[in-house]
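This report looks at a pocket lining, at a run of strands and at two backbone angles in one protein chain.

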Amino acid sequence: MKALITNAAMALLDDQITNAAEKGVTDRFYGLIPNGYLLIENGLISAFGPMSALQENLANNTAMNQIDDAIDAAGRLLTPALIDCHTHVVYGGHRALEFEMRLKGASYAEVAKAGGGIVSTVSATRSQSVEQLVEGALARVDALIAEGISLIEIKSGYGLDIETELRMLRAARSIEAARPVRVITSFLGAHAMPPGEDMSPEGYIEKTCIPALRQAHKEGLVDAVDGFCESIAFSAEQIVPLFNVAAELGLPVKLHAEQLTRCGGSLLAASHKALSVDHVEYANKEDVIALAAAGCTAVLLPGAFYTLRETQKPPVALFRDQGVPMALATDANPGSSPMTSVLLAMNMGCTLFGMTPYEALAGVTRNAARALGISDSGMLRSGLRADLALWDVAHPAELAYRIGFNPLYRRIFGGQIT
């Protein structure tokens, strides 16, 4: 299949672009081509450039004259499809009553200690089959797809036993067969201590998390290993054995770190060359320097910051100064971030955390791919997957600027125009 998009304002989001002037790029910031074309062949980006070069390319490349589908963008904005690199969309039940508790003054930690929080979702999730978990997740996935998403990371972590953790990962894998979207799975068995279990955190990691991870890896259900390093969850020292097994299995790691307190998670993640550290509101300069040296991506999650009414913001200026890539994600989950809008996450990243619209867009494309260890998506570059979004806007900044407005015009997934 060959498809041609013409007359598009294209934001390449490619930080390694060469021959920018020749390609018609007028704004190196976004990699913006004001009026360009893009050719898709066999699901990949084959060529792109300014419309002024299209006729010459048509004459010199016979393949470009055999187009199966075409879109006249009529000046609309073309970007890489968006990526949500941190979600918990597979779960059972809801936690609306806890939302009410927090509004009455209870903190996230107080809700958790009272038996709410993560563990309150566990019983609902344990009671559901793979099919039921998929059915519940699809409504949330559909909301993300409707905003131009092509790739979603989905975590386990609401089972806290071997059987349910595996069932969650099987449900996550099943979503790819049900919808035109790619799914990356993260094993998050070290999310919280299971309710009603008389064992230490170290014992839980050894007797539940590690066996579950080994079985998930054996079944091909897991792409990365995650953990919740926090005062109400697991210490950095307690997560080390899990990360050691991940290294043994050849699986990359990532970590929820420094969300509510500074617990040493960032330094642990950096020492293990983690793909990402997520939340990081309480990360300090030592942490940021370590993350930069390790090549980690900082995933900022403004939905949880907003929902929990936190006041400690992630150190965006430090990340900029030290060259730590910043990604953005919804953190879609039933408790601390019941949000399924990546466009809203972009706006929140700007208004709450002080990111620029460019940083927000890079955060849900190029840097989100980096946070997942994905190299074939997130930019408009020849040879990458043709996962694209065509927006009914004129400038990339509009995507972060608007609130409660979805300007998606068309989504292209693997070269297929939807």
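The residues that line the largest pocket divide into four nonpolar, four polar and four charged. In this predicted model, the lining consists of Asp15, Gln16, Pro325, Arg366, Asn367, Ala369, Arg370, Ile374, Ser375, Ser377, Met379 and Arg381, and the volume of the largest pocket is about 210 Å³.

Strand S10, residues 254-257, is covered on both faces, since Lys254 and His256 on one side are buried, as are Leu255 and Ala257 on the other. Strand S9 (residues 224-229) runs parallel to S10 and is joined to it by two bridges, with Cys229 having Ala257 in S10 as its bridge partner. Between S9 and S10 the chain passes through helix H8 (residues 236-249), in a β-α-β crossover that is right-handed. Strand S11 (residues 276-279) is likewise parallel to S10, and four bridges join the two; Leu255 stands opposite Val277 in S11. Helix H9 (residues 265-271) forms, together with S10 and S11, a right-handed β-α-β unit.

Two loop residues deserve a check of their backbone angles, given that most residues other than glycine have a negative phi. The table sets out their phi values, both positive, beside their relative accessible areas.

| Residue | Phi | Relative accessible area |
|---|---|---|
| Asn42 | near 50° | 67% |
| Asp331 | near 60° | 2% |

Asn42 lies in the loop between strand S2 (32-41) and strand S3 (44-50), and with a relative accessible area of 67% it counts as exposed because the cut-off is over 50%. Asp331 belongs to the loop between strand S13 (326-328) and helix H13 (342-351), and its 2% is under 20%, so Asp331 counts as buried.

Technical notes: Residues numbered from 1 in each chain as written. Predicted model: local features only at pLDDT ≥ 70, side-chain atom pairs only at ≥ 80, totals over all residues. Heavy atoms only, no water. Buried < 20%, exposed > 50% of the residue type's maximum accessible area, 1.4 Å probe, protein only. 1 Å grid on protein atoms, 1.4 Å probe; cavity = no way out; pocket = protein on both sides within 12 Å on 5 of 7 lines; lining within 4 Å. Points joined across faces, edges and corners; volume = space filled by probe spheres on them. Nonpolar A, V, L, I, M, F, W, Y, C, P; charged D, E, K, R; others polar. Pairing = 2+ DSSP bridges. Right-handed = clockwise from strand over helix to strand, strands pointing away.
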